[in-house]
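Okay, thanks for coming, everyone. I'll put the structure up now, and then we'll walk through it piece by piece.

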Amino acid sequence: MERFSSISMAVVRRLPKYHRYLSELKKNDVKRVSSQELSRITGFTASQIRQDLNCFGGFGQQGYGYNVEQLGYGYNVDDLHQQISKILGLDKVYKTVIVGAGNLGQAIVNYTFFEKSGFVPQAIFDVNPRLIGLKINDIKVHDVENLESFVKDNGIDIGIICTPKSQCQKVAEALAKGGVQGIWNFAPSDVSVPDDIIVENVHLSESLFTISYLLKEREEVLKTKKY
């Protein structure tokens, strides 16, 4: 994946969390928040939050706080939410296609939050002839054989892969030839595409196995404490 910025991926991956918590603050009609308050909400240190945001310019006002413990950098919630939305590219609309109309693909199509955030599904693709021609949440299922031409003809920005491992590379190649700019890959295998295409691999099993490890770790520690 080709990068055009010196901003570290660690910082980039923290931005969506900031955005999510700021969205919650907005829903609760909170107008201002200090870096210390954001620290308690997000789990990152106040210093880390300030450093991350300083990578994109200054958004805070020094000396804001309700008491001495909260003094630090303060932020206007609406303004910071809007700024981070722009940094994340959420002020744009992205045309997407979902490849794989199984349970996961259908769940993504039916999750309206993505469309509200600007990721608008244009079509679903599958190999199952019984699904082709049907509509899921008013989005038509097409034959995967037409994937490349559809992507090319409709200016699709992002392809979402929800296929088995055996099919994901072929699908990724079709998406790349069609001209997508990014691929969100849920298949249990990484895909190989040209460097100018952004790929985000999401391995659900890795997250689940992390929970499994932490549960085992806690169990072993508790056993040790008993003795």
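So, to get going: at roughly what angle do the axes of α2 and helix α3 cross? Before I answer, keep in mind that what's on screen is a predicted model. The answer is roughly 105°, with the two axes coming within 8 Å. Helix α3 covers residues 46–54. An angle from 65 to 115 counts as roughly perpendicular, so α2 and α3 are roughly perpendicular to each other. On the α2 side, the contact is made by S35, Q36, L38, S39 and T42. On the α3 side you've got A46, I49 and R50. If you sort the residues of this α2 with α3 contact by type, they come out as three nonpolar, four polar and one charged.

Now the other partner of α2. Helix α1, residues 9–27, and helix α2, residues 35–42, also cross at roughly 105°, and here the axes come within 11 Å. That makes α1 roughly perpendicular to α2. Who meets whom here? From α1 we have K17, Y18, Y21, L22 and L25, and they meet L38, I41 and T42 in α2. The residues of this α1 with α2 contact divide into six nonpolar, one polar and one charged. Note that L38 and T42 turn up here, and L38 and T42 are also on the α2 list for the contact with α3.

Let's stay on α1 for a moment and look at K26, which sits in that helix. Is K26 buried or partly exposed? It's partly exposed, because its relative accessible area is 36%. Once you leave aside neighbours within four places in sequence, K26 is in contact with V77, D78 and H81. And if you want a distance to check in your viewer, K26 and G89 are 19 Å apart, C-alpha to C-alpha, with their positions 63 residues apart in sequence.

Okay, on to the sheet. It's an open one with seven strands and mixed pairing, in the order β6-β7-β5-β4-β8-β9-β10. The edges are β6, at 135–136, and β10, at 198–201, and each of those pairs on one side only. As a general reminder, strands of a sheet pair through backbone hydrogen bonds, either parallel or antiparallel. Which way do β8 and β9 run? Those two, residues 158–161 and residues 182–185, run parallel and are joined by four bridges. For one of the pairs, take I160, whose bridge partner in β9 is W184.

There's a helix over this part, too. Helix α8, residues 165–178, lies across β4, β8 and β9, and runs at about 170° to β8.

One more residue while we're in β9, and that's N185. N185 has a relative accessible area of 0%, so it's buried. Not counting residues up to four places away in sequence, N185 touches I161, C168, D190, V191, E200, N201 and V202.

Let me zoom out to finish. Overall there are nine helices and 10 strands, and the C-alpha atoms fill a box of roughly 65 × 55 × 35 Å along the principal axes. Of the 227 residues, 36% count as buried. For the contacts with a separation of 6 or more, 59% come from residues 24 or more positions apart. And for the surface people, the protein exposes about 13900 Å², with carbon and sulfur atoms supplying 52% of it.

Notes
Residues are numbered from 1 along each chain as its sequence is written. This is a predicted model: local features need pLDDT of at least 70, side-chain atom pairs count only at pLDDT 80 or more; totals for chains, interfaces and linings use all residues. Side-chain values use heavy atoms; hydrogens and water are left out. Axes are lines fitted to C-alpha atoms, for helices over the stretch in contact, and angles run from 0 to 180 degrees between N-to-C directions. Angles under 35 degrees count as roughly parallel, over 145 as roughly antiparallel, 65 to 115 as roughly perpendicular and the rest as oblique. Contact means heavy atoms within 4.5 Å. Ala, Val, Leu, Ile, Met, Phe, Trp, Tyr, Cys and Pro count as nonpolar, Asp, Glu, Lys and Arg as charged, and the others, Gly among them, as polar. Buried means under 20% relative accessible area, exposed over 50%, partly exposed in between (1.4 Å probe, protein chains only). Two strands pair if DSSP finds at least two bridges between them. Accessible areas come from the Shrake-Rupley method with a 1.4 Å probe; for residues, only the protein chains shown count as cover.
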